[in-house]
Each structure stands twice: as C-alpha cells, then as structure tokens.
Amino acid sequence: MAAWIYLTCALGSIACAGLLIRSYWRSPSKLLLWTAVCFACLAGNNVLLYVDLVVTGPEIDLSALRQLASLLGASALVYGLIEEVV
Amino acid sequence: MGSQMSSPWAFWATFLSGAVFFAFFVAALFFRKFAQRTGDRFFSFFAGAFTLLALERISSQMAAVREAVGPATYLLRLAAFALIMIAVIDKNRRARVE
C-alpha cells in the first residue's frame, strides 16, 4: 500500500512538471518557468522517495538528498515569485 | 523510516525539511496575494496546493504521526499535485474558450 502511495506521488509530480513545462513552452513567462523548475525538482524528490523507501534497504538513507531536491525547487520558485513582484 | 532517524543524515533531513516548509509557506502567501490582486482562480489553486505541501512537511516530521500514520501523510502531497493539475488544465481550457 505504501509503495503505491509513493509511486503515485512520483507519477503525479512528474505529470505536474510535464504540464507546467508544456504551458511554459506554449506561453513563455518567467513565473511559469520557475514554477516548472520547482516541480521538476519536486519530481526528483518524489522519485528519490520511491527509491529510498521501496527500492533500497534501510542501510541507505536518501532523506537529506530528498529534502535538498525539495529545497532547490522551492527556492527556485520563491526566487521567481520575488522577481515577479519586484 | 525508523532506521533513518538514527542515520547521520537525519539532522540535515529535518533541518532542510523545516526550510522547505517555510519556502512552501511563503510561496502560498505569494500566490494568495496574486489571487487577490488578479481574481484569477489559477493562483488560488496554486495557493491551496502550496499550503497543502507546507502542511505535509509538518505532518511528516511529527514523530507521533510518523509512527502511527506513516505513508498516509503523503496523501497531502497527492492532493497538492491534483490541485496543480486541475489549475493548469482549467487555465488551458479557459484560454481555448477565449
């Protein structure tokens, strides 16, 4: 059950990233670009989540790497939002 | 997850998770402001999604929840991704109609 949740998270985040990248391709805007970058990083985070909790054993801990991927994505988005306002 | 708590990376994972929470929270506030300013529900969906992602960061770090609920906290993430997909599809549909 848990593996299905993690897999669905990974697929969902990849779908979001794909939709946003396609939206940016059709109508380029800086905010869309940074949002797409954010969700690409979140997709990486969710793929690492699946790998960490389902594929690899407890001796390998990818939690810090996962959080780093999320932080990179979130930071890119916050940067884009500030750029939009300033 | 229990073994990850004793991992040397556990401190960094927790520290970075807090930073991620704050970034998502700030993003939600920005999108909420954009929604108020423009009246566009696209930004409201995004504000809701990032609020859910911020809440998911809190719930996944709560020790008691981690033990009792485990992977169910990731359903908050799924809900956030669903909101994002709805927002983009809705926006594209409205653009086609116009």
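How far is the sulfur of Cys38(A) from the closest cysteine sulfur? The distance is 7.1 Å, to the sulfur of Cys41(A), and that is too far for a bond.

This is a predicted model, in which local features need pLDDT of at least 70, side-chain atom pairs count only at pLDDT 80 or more, and totals for chains, interfaces and linings use all residues. Residues are numbered from 1 along each chain as its sequence is written, chains are lettered from A and ligands numbered from 1 in the order in which they are written, and side-chain values use heavy atoms, with hydrogens and water left out.

**Cysteines**

A disulfide is a pair of cysteine sulfur atoms within 2.5 Å. Over all chains, the count is zero disulfides. Cys9(A) is in no disulfide. Buried means under 20% relative accessible area (1.4 Å probe, protein chains only).

| Cysteine | Nearest cysteine sulfur | Relative accessibility |
|---|---|---|
| Cys9(A) | Cys16(A), 11 Å | 0%, buried |
| Cys38(A) | Cys41(A), 7.1 Å | 0%, buried |

**Cavities**

A cavity is a set of points, on a 1 Å grid over the protein atoms alone, where a 1.4 Å probe fits but cannot get out; lining residues have an atom within 4 Å of a point. Points are joined across faces, edges and corners, and a volume is the space filled by probe spheres set on them. There are two cavities of 30 Å³ or more.

The second largest has a volume of about 40 Å³. Its lining includes Leu42(A), Asn45(A), Phe24(B) and Arg57(B). Helices are DSSP runs (H or I, at least four residues), numbered from the N terminus. Those giving two or more residues to this lining are helix H2 (30-55) of chain A and helices H3 (41-61) and H5 (74-97) of chain B.

Note on methods:
Buried means under 20% relative accessible area, exposed over 50%, partly exposed in between (1.4 Å probe, protein chains only). On a 1 Å grid over the protein atoms alone, a cavity is a set of points where a 1.4 Å probe fits but cannot get out, and a pocket is an open set with protein on both sides within 12 Å along at least five of seven lines; lining residues have an atom within 4 Å of a point.
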